[in-house]
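Subject: Structure for your review

Dear colleague,

I am handing over the structure we spoke of, and below it I set out what was found when the atoms were gone through. Please read the notes with the structure open beside them.

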Amino acid sequence: MQSFTEIERKFLIDSFPAELPLKEEFQVYQAYLSIDPEVRIRRNAVGSQDTAYFIALKSGTGMVRHEVEIPISKEHFYALAEMVARPFITKDFRIYHLPGGLELECSHVDKGTPNEFMYAEVEFPSIEAAESFEPLSVFKEDVTYNPDYKMKNYWKRTRTKAAELAAK
């Protein structure tokens with residue numbers, strides 16, 4: 001189990017950065033069991049092979065949040081997934097090395113759908129480090145404090161009954 005205070009900035013991007021060294025890439029399948037409190041399940045996969053399963057709880061808003069992420073078994077993940085009546089959010093997920101030991105996590109969300117978008121996140125060891133971080137040229141907009149780009153709000157917009165009815 002991992003529990004910590006997460007200090008993170010989030011940026012919109014148009015594409016995965018070609019100039020940074022790639023550390024890892026995989027697909028993420030994510031769903032919400034609850035929005036408030038925020039409880040989500042996630043499965044990571046490389047190709048058709050599942051590689052990890054998690055349940056995560058988050059609280060707070062903006063740049064500083066509290067997160068508890070717990071690895072779970074395949075059986076637990078799929079038992080919880082049966083409780084989700086909506087399609088999972090899909091992400092093409094890549095992690096890049098940044099200078100100074102930081103990492104850039106980039107996601108292409110719901111690729112090929114009308115809702116698709118891309119974003120990048122950087123986690124920091126302190127608020128001071130986050131505030132002094134110089135955005136990369138690949139970043140279009142800082143959306144750290146924009147609630148529209150919180151994944152739980154994206155879930156509500158795209159996966160709730162009202163969103164389903166509007167799409168018909």
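Lysine 58 and glutamate 67 are both buried, and their side chains meet in a salt bridge with an N to O distance of 3.8 Å. Please bear in mind throughout that this is a predicted model. The pair does not stand alone, for Glu6, Arg40, Lys58 and Glu67 are linked in a network of salt bridges. In general, side chains of opposite charge can pair when their charged atoms come close.

The structure holds 12 salt bridges, and two others deserve a word here. Aspartate 50 forms a salt bridge with arginine 43, with the closest N and O atoms 2.5 Å apart, and here again aspartate 50 and arginine 43 are buried. Aspartate 14 forms a salt bridge with lysine 140, where the closest N and O atoms are 3.1 Å apart. Because aspartate 14 lies in the loop between β1 (2–13) and β2 (22–34), while lysine 140 belongs to strand β9 (residues 139–142), this pair ties together parts that are 126 residues apart in sequence. Aspartate 14 counts as exposed, because its relative accessibility is 59%.

Which charged residue, then, is buried yet has no salt bridge? That is glutamate 121, whose nearest side chain of opposite charge, lysine 10, is 4.0 Å away. Glutamate 121 lies in strand β8 (residues 117–123), and six of the seven residues of β8 are buried, so this strand is largely enclosed by the rest of the structure. Leaving aside residues up to four places away in sequence, glutamate 121 touches Glu8, Arg9, Lys10, Glu103, Leu104 and Glu105. One of these contacts, glutamate 105, has glutamate 121 as its bridge partner in β8, and strand β7 (residues 103–109) pairs with β8 in the antiparallel sense over six bridges.

Strand β2 pairs on the one hand with strand β6 (residues 89–97), to which eight bridges join it in an antiparallel arrangement, and leucine 22 stands opposite tyrosine 96 in β6. On the other hand, seven bridges join β2 to strand β3 (residues 38–46), and these two strands also run antiparallel, with glutamine 30 standing opposite arginine 42 in β3. The connection from β2 to β3 is a hairpin through three residues.

As for the chain as a whole, the protein chain has four helices and nine strands, which follow the pattern β-β-β-β-β-α-β-β-β-α-β-α-α when read along the sequence. Its radius of gyration is 16 Å, close to the 15 Å that the globule rule gives for 168 residues, so the protein chain is as compact as a globular protein of that length. Along its principal axes, the C-alpha trace of the protein chain spans about 40 × 35 × 35 Å.

Of the 168 residues of the protein chain, 46% count as buried. The accessible surface of the protein chain comes to about 9,200 Å², and 54% of that surface belongs to carbon and sulfur atoms. Among the contacts in the protein chain with a separation of 6 or more, 59% are accounted for by residues 24 or more positions apart.

With best regards

Conventions
Residues are numbered from 1 along each chain as its sequence is written. This is a predicted model: local features need pLDDT of at least 70, side-chain atom pairs count only at pLDDT 80 or more; totals for chains, interfaces and linings use all residues. Side-chain values use heavy atoms; hydrogens and water are left out. Buried means under 20% relative accessible area, exposed over 50%, partly exposed in between (1.4 Å probe, protein chains only). Lys and Arg count as positive and Asp and Glu as negative; His and the chain ends are not counted. Contact means heavy atoms within 4.5 Å. Two strands pair if DSSP finds at least two bridges between them. The radius of gyration is taken over C-alpha atoms; the globule rule is 2.2 Å times the number of residues to the power 0.38. Accessible areas come from the Shrake-Rupley method with a 1.4 Å probe; for residues, only the protein chains shown count as cover.
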